[in-house]
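Subject: A structure for you to look at

Hi,

Here is the structure I promised to pass on. Have a look at it first, and then read my notes underneath.

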Amino acid sequence: MGTYGLRELIRRWGRGQLTTEQAIGQILLLLVELDKRLQKLERRRESPLKRPARKTGP
């Protein structure tokens, strides 16, 4: 079984198509993916701050 998107997960849970264990597993997979995306964004935001300032003018 692959990872469902949040909306699909909620839909399947509501229809009784997932066990509690399956739903928890899917939620954990979604959290792992969100954590990776958040870390990537945070690294992007930090990158310009770590670069040395450019010299301007003569």
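Below is what I found, starting with the overall picture and then going through a few places in the chain.

First, please keep in mind that this is a predicted model. The protein chain has two helices and zero strands. It is 58 residues long, and 10% of those residues count as buried. The accessible surface of the chain adds up to about 5,600 Å², and carbon and sulfur atoms account for 56% of that.

Now for the charged side chains. How many salt bridges are there? The count comes to two. In one of them, Arg11 pairs with Glu8, with 2.5 Å from N to O. In the other, Glu8 meets Arg12, this time at 2.7 Å from N to O. Where do these residues sit relative to each other? Arg11 and Glu8 are three residues apart in helix α1, which covers residues 6-14, so about one helical turn separates them. Glu8 and Arg12 are four residues apart in helix α1, so about one helical turn lies between them. Since the salt bridges share partners, Glu8, Arg11 and Arg12 are joined into one network.

Are these three side chains buried or exposed? The answer is in between for each residue. Arg11 has 32% relative accessibility, so it counts as partly exposed. Glu8 comes out at 23%, so Glu8 counts as partly exposed. Arg12 has a relative accessible area of 23%, and is partly exposed too.

Next, the nonpolar side. Which residues form a nonpolar patch on the surface? They are Ile24, Ile27, Leu28, Leu31 and Leu34, and together they have about 470 Å² of accessible area. To find your way there, look for Leu31 in helix α2, which runs over residues 20-50.

Finally, go to the start of the chain. Gly2 lies in the segment before α1. With 45% relative accessibility, Gly2 counts as partly exposed. How far is Gly2 from Leu29? In sequence they are 27 residues apart, while in space the distance is 9.5 Å, C-alpha to C-alpha.

If you want a route through the model, begin with Gly2 in the segment before α1, go on to the network of Glu8, Arg11 and Arg12, and end at the surface patch that includes Leu31.

Cheers

Definitions and conventions. Residues are numbered from 1 along each chain as its sequence is written. This is a predicted model: local features need pLDDT of at least 70, side-chain atom pairs count only at pLDDT 80 or more; totals for chains, interfaces and linings use all residues. Side-chain values use heavy atoms; hydrogens and water are left out. Patches are made of residues with over 30% relative accessible area and no salt bridge: like charges are joined within 9 Å, nonpolar side chains (Val, Leu, Ile, Met, Phe, Trp, Tyr) within 5 Å. Accessible areas come from the Shrake-Rupley method with a 1.4 Å probe; for residues, only the protein chains shown count as cover. A salt bridge is a side-chain nitrogen of Lys or Arg within 4 Å of a carboxyl oxygen of Asp or Glu. Buried means under 20% relative accessible area, exposed over 50%, partly exposed in between (1.4 Å probe, protein chains only).
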